[in-house]
Amino acid sequence: MKRSLALGLCVSLLAMPVMATEKDTLKARQDQLSNELEESKKAQAETDAELEITEAERDAVKTEIHVVDDRLNELSEQIAIQQHEVDTARAELESTRQQLSVQEEYLESQKELVNERLRVLQVHEDTSYLQVIFESRSFGDFVTRAMTARTIAEQDRELIHNYMSEMERLESLESTQRTQLSFIKQKERELVITKQDLDRTAEKKRDLLVELNEQVEQLELEKMTRSEEQAVMAEQNRIISEQLEAIATAEREAAEAAERAKHEAEARAAEERAQAEAEARESEVEEAPEVTAPTETPTNVSTSTGFVRPVSGYVSSPFGPRDNPLTGVPEIHKGIDLVNASGTPIVSSAPGVVIKAAPATGYGNVVFVSHVINGEIWTTVYAHLNAITVGAGQQVAAGQTVGTLGNTGWSTGPHLHFELHRGKWAPGQPNAIDPAPYIGY
């Protein structure tokens with residue numbers, strides 16, 4: 001009887017220490033995830049603040065560039081106007097020079113005549129009237145000769161005066177126009193220098209804008225990566241909570257089963273005692289058969305089934321050091337690349353829960369699956385998929401299709417980028433291990 005009771009209790013509570021150990025492991029993982037999630041949120045808050053400041057600085061530089069561009073457009077218009085004024089002034093100066101040249105040619109042709117008239121006026125100024133008087137044949141002839149001589153003298157003087165006046169006017173006009181042209185050219189040079197300075201300023205502003213755009217892009221990528229990291233950790237946390245709840249349920253069921261086994265054993269013991277007493281009274285001693293209490297095995301939360309190959313094909317890039325095929329920069333390849341035809345089905349490498357099934361930075365279309373095997377968390381990643389056939393939160397079995405092979409994201413050709421993480425996935429893949437030995441490569 002005592003042996004039967006002890007056997008029933010031992011069988012009922014057989015899984016309790018195992019589940020307790022697994023529960024402690026999962027709780028420790030959950031606490032670690034919670035701490036890392038908080039740290040990630042703090043880092044994201046810092047990234048958001050830096051991104052906001054950088055975006056504000058970028059917007060300010062954009063505004064400054066617009067102001068400089070407007071000023072440059074204005075200067076370009078002013079320079080165009082000045083160039084037009086220079087052309088006009090140069091044309092006017094050229095016209096004046098041509099007029100002066102023509103006038104000089106004409107006056108040069110009249111120069112001998114003017115010089116002769118000047119000599120005549122100088123020599124005969126005092127005797128002209130006496131000649132008019134003595135050579136006159138009558139008084140009327142005298143008057144006519146006197147008036148003619150006076151008219152000729154006045155015409156000579158006017159000719160000389162006009163000659164000198166026209167020369168002075170043209171020379172003065174040429175000098176004025178030359179000064180005006182020099183002034184306009186100087187103003188044009190000043191505008192050009194100002195524009196060159198603004199061009200250099202604008203170039204510096206544009207270089208700064210390029211730098212700020214790169215910073216914003218990097219911060220946005222970091223922000224997106226942080227969001228993806230938090231989503232993965234939150235999903236893993238949720239899965240661990242479900243596993244802990246399942247363990248708690250199994251523990252309750254095990255305790256209830258143990259309690260039932262105890263009551264059944266006690267009832268059978270009492271019945272055996274009553275029967276023995278009755279048989280003793282009837283003086284019929286017979287050894288009571290040994291009764292084994294029924295046992296109930298609790299549900300295991302997870303079982304170790306190993307890892308299956310997610311897709312057949314050859315390895316084009318193993319785990320470890322390599323030159324990035326897109327940038328040529330040395331890096332550590334955190335997975336292996338399996339090459340096959342586009343559209344080939346990709347299967348889950350172990351039973352688990354899909355924690356992400358969507359496009360992600362660099363990965364393209366990607367599926368993350370979280371596994372709990374013997375109380376230990378594993379994560380597998382299936383990247384560059386052409387199509388995704390599962391959703392976040394979905395339970396998948398080993399060998400179940402999660403998508404099809406493709407060439408999305410940062411990829412140079414159709415292949416599966418497969419990662420295996422001993423623990424959670426995190427940016428930089430610190431938990432990544434070489435999956436080749438686990439899937440038979």
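Which residues does glycine 423 touch, not counting residues up to four places away in sequence? The legends below, drawn from a predicted model, take up this point first and then turn to other close-up views.

**Figure 1. Surroundings of glycine 423 in the loop between strand 11 and strand 12.** Not counting residues up to four places away in sequence, glycine 423 touches Gln236, Ile377, Trp378, Thr379 and Asn431. Of the elements that flank the loop, strand 11 covers residues 416-421 and strand 12 covers residues 432-433. Glycine 423 has a relative accessible area of 3% and therefore counts as buried, the limit being under 20%. Serine 370 lies 53 residues from glycine 423 in sequence, while the C-alpha to C-alpha distance between the two is 8.8 Å.

**Figure 2. Strand 7 and its two antiparallel partners, strand 6 and strand 8.** Strand 7 spans residues 364-373, and 10 of its 10 residues are buried. Seven bridges connect strand 7 with strand 6, which comprises residues 352-360. In this pairing, valine 367 of strand 7 stands opposite alanine 357. With strand 8, residues 376-388, strand 7 shares eight bridges. Here valine 369 has threonine 380 of strand 8 as its bridge partner.

**Figure 3. Turns of the two hairpins that contain strand 7.** Three residues separate strand 6 from strand 7, and glycine 362 in this turn has a positive phi of about 80 degrees. Between strand 7 and strand 8 there are two residues, and asparagine 374 in that turn has a positive phi of about 55 degrees. Most residues other than glycine have a negative phi.

**Figure 4. The largest nonpolar core, with valine 367 among its members.** The core holds 22 residues, of which Phe307, Ile346, Val367, Tyr382 and Leu416 touch the most other members. Strand 4, strand 7, strand 8, strand 10 (401-405) and strand 11 each give two or more residues to this core. A second, separate core consists of 11 residues, including Val353, Tyr363, Phe368 and Ala383. Leaving out residues up to four places away in sequence, valine 367 is in contact with Val354, Lys356, Ala357, Thr380, Val381, Tyr382, Leu385, Ile388, Val390 and Val402.

**Figure 5. Histidine 384, a residue of strand 8 with a positive phi.** The phi of histidine 384 is near 65 degrees, and the residue is not a glycine. Histidine 384 is buried, because its relative accessible area is 6% and the cut-off is under 20%. When neighbours within four places in sequence are set aside, the contacts of histidine 384 are Gly362, Tyr363, Asn365, Leu405, Gly406, Asn407, Thr408, Gly409, Trp410, Ser411, His415 and His417.

**Figure 6. The largest pocket and its lining.** The space in this pocket amounts to about 940 Å³. Its lining consists of 38 residues, and those closest to the pocket centre are Asn324, Glu331, Gly362, Trp410 and Gln429. Two or more lining residues come from each of helix 4 (139-281), strand 1 (314-317), strand 3 (330-333), strand 4 (336-339), strand 6 and strand 11. Helix 4 gives the most, with six residues. By class, the lining of the largest pocket contains 13 nonpolar, 17 polar and eight charged residues.

**Figure 7. The hairpin of strand 2 and strand 3.** Strand 2, residues 320-323, runs antiparallel to strand 3, and four bridges join them. One of the residues in this pairing is arginine 322, whose bridge partner in strand 3 is glutamate 331. Glutamate 331 is also among the residues closest to the centre of the largest pocket. Six residues lie between the strands of this hairpin, in which glycine 328 takes a positive phi near 80 degrees.

**Figure 8. The whole chain as context for the close-up views.** The chain has 441 residues, and 34% of them count as buried. Its secondary structure comprises four helices and 12 strands. Among contacts with a separation of 6 or more, 72% join residues 24 or more positions apart.

Notes:
Residues are numbered from 1 along each chain as its sequence is written. This is a predicted model: local features need pLDDT of at least 70, side-chain atom pairs count only at pLDDT 80 or more; totals for chains, interfaces and linings use all residues. Side-chain values use heavy atoms; hydrogens and water are left out. Buried means under 20% relative accessible area, exposed over 50%, partly exposed in between (1.4 Å probe, protein chains only). Two strands pair if DSSP finds at least two bridges between them. On a 1 Å grid over the protein atoms alone, a cavity is a set of points where a 1.4 Å probe fits but cannot get out, and a pocket is an open set with protein on both sides within 12 Å along at least five of seven lines; lining residues have an atom within 4 Å of a point. Grid points are joined across faces, edges and corners, and a volume is the space filled by probe spheres set on the points. Ala, Val, Leu, Ile, Met, Phe, Trp, Tyr, Cys and Pro count as nonpolar, Asp, Glu, Lys and Arg as charged, and the others, Gly among them, as polar. A nonpolar core is a set of buried Ala, Val, Leu, Ile, Met, Phe, Trp, Tyr and Cys residues joined through side-chain atoms within 4.5 Å. Contact means heavy atoms within 4.5 Å.
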